[in-house]
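Let's take a walk through this one, starting with charged side chains and ending with a pair of helices. Pull up the coordinates and follow along.

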Amino acid sequence: MTTNRGISNRGDNNNFSGNAIGDHAQVSMTTPSRAAGTLAGSEAGNQRGTTWDIGVVTILSEELRAVIRELKLERHKEPGGLYFYRGSYTTPESTIRIVATQSQSQGQRSTMAALENLRRHYAPQLWALVGVGGGIHDEHARIGNVIVSTDIVYYENRKINPLGDVRRRGEHRQAPAPVVHAVNAFFADHGTPARINGQPSDPASAGFEVYPGVIGSGEAVIADRDSEIRSYLTNYHEKVLAVDMEAGGLSQYWQENSVHGVVNPGWIVIRGVSDNADEEKGHGHHELAAQNAAKILRRLLPYLC
């Protein structure tokens, strides 16, 4: 009888690796070295078994920098070329894993794409939209204050009738109940408004106030105190305190993904007031507003997770 000690194959496109032929043959394998800056095993962003608690979406570079500084996140590049910023925050009860990203541009559509990237690579348990917004309430939404929102009014849908008669059809969405309860608990502990003191070691830092409120969201950059959009929002809901261009996309993305058979992440919007959506609107207070919003995200983490 003849014993075949080789490799027999039929057909095309055969691929063999890690093989040894003959008596007493052995294969020695070594583990490939990892590139600097990457994480192995369960630390890799898209590895199964890794739970990411919060996915943060920012729009402006100032917003992303503020989140990175406040939560001490580190940059990570996915093989496909996307950049994320990852880290953890330890509370007395748990260690919270956080991943942040920046959308390509302002607006609802780019925000929804950033959320999809977070879902595809990290599947966080909660989405947080963190950054700056325009205040439309003279008392509560002063520059530097922060609005924490679990209610969004999307104002863009409308019917245009003859003779310039425009009828807006607002869409109002609320975050899932566990997120609303978490925010309520934060304000129960800290008061409404929650007053955040400045840092004595930093003369440039100043105290500010935090309010729960509704955010109006659409595609308009509002720089007119007499804007029809401002009038519509304040008449629609007296607790609309600020406006932005992304929260509507967040709430819509959540709504449309609620049909999947997996747990749909909750969501929250945290906006530092950088202007009053009037003629003086500018970029001068972006850093301050973004930093204050990032501080409140950190303070909310023990309640949200």
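Start at Asp278, which has a relative accessibility of 9% and therefore counts as buried, the cut-off being under 20%. Keep in mind that you're looking at a predicted model.

So what does Asp278 pair with? Its salt-bridge partner is Arg225, and the closest N and O atoms of the two are 3.7 Å apart. This pair links distant parts of the chain, 53 residues apart. Asp278 sits in the loop between β13 (266–275) and α6 (286–304), while Arg225 sits in the loop between β11 (208–217) and α4 (228–236). Arg225 has a relative accessible area of 36%, so this residue is partly exposed. There's a third member to pick out here: Asp138 joins Arg225 and Asp278 in a network of salt bridges.

In general terms, side chains of opposite charge can pair when their charged atoms come close. How many salt bridges does the structure hold? The count is 13, and two others deserve a look.

Go to Asp244 next. Asp244 forms a salt bridge with Arg271, with 3.0 Å between the closest N and O atoms. Asp244 belongs to strand β12 (residues 240–244) and Arg271 to strand β13, so the salt bridge ties together parts that are 27 residues apart in sequence. Are these two buried or exposed? Both Asp244 and Arg271 are buried.

Now try Glu171 and Arg173, whose side chains meet in a salt bridge at 3.4 Å, N to O. Glu171 comes out as partly exposed because its relative accessibility is 27%. Arg173 has 16% relative accessibility, so it counts as buried.

That's enough charge pairing; on to the helices. Helix α2 (residues 108–121) and helix α5 (residues 247–257) have axes that come within 8 Å and cross at roughly 50°. The two helices are therefore oblique to each other, and α2 passes α5 in a right-handed crossing.

Which residues make the contact? On the α2 side, look for Gln108, Thr111, Met112, Leu115, Glu116 and Arg119. They meet Ala247, Gly248, Gly249, Leu250, Gln252, Tyr253 and Asn257 in α5. Sorted by class, this contact of α2 with α5 has five nonpolar, six polar and two charged residues.

Conventions
Residues numbered from 1 in each chain as written. Predicted model: local features only at pLDDT ≥ 70, side-chain atom pairs only at ≥ 80, totals over all residues. Heavy atoms only, no water. Axes fitted to C-alpha atoms, helices over the stretch in contact; angles between N-to-C directions. Helix = DSSP H or I, 4+ residues; strand = E, 2+ residues; numbered from the N terminus. Parallel < 35°, antiparallel > 145°, perpendicular 65-115°, else oblique. Left-handed = near helix turned anticlockwise from the far one by under 90°. Contact = heavy atoms within 4.5 Å. Nonpolar A, V, L, I, M, F, W, Y, C, P; charged D, E, K, R; others polar. Salt bridge = Lys/Arg side-chain N within 4 Å of Asp/Glu carboxyl O. Buried < 20%, exposed > 50% of the residue type's maximum accessible area, 1.4 Å probe, protein only.
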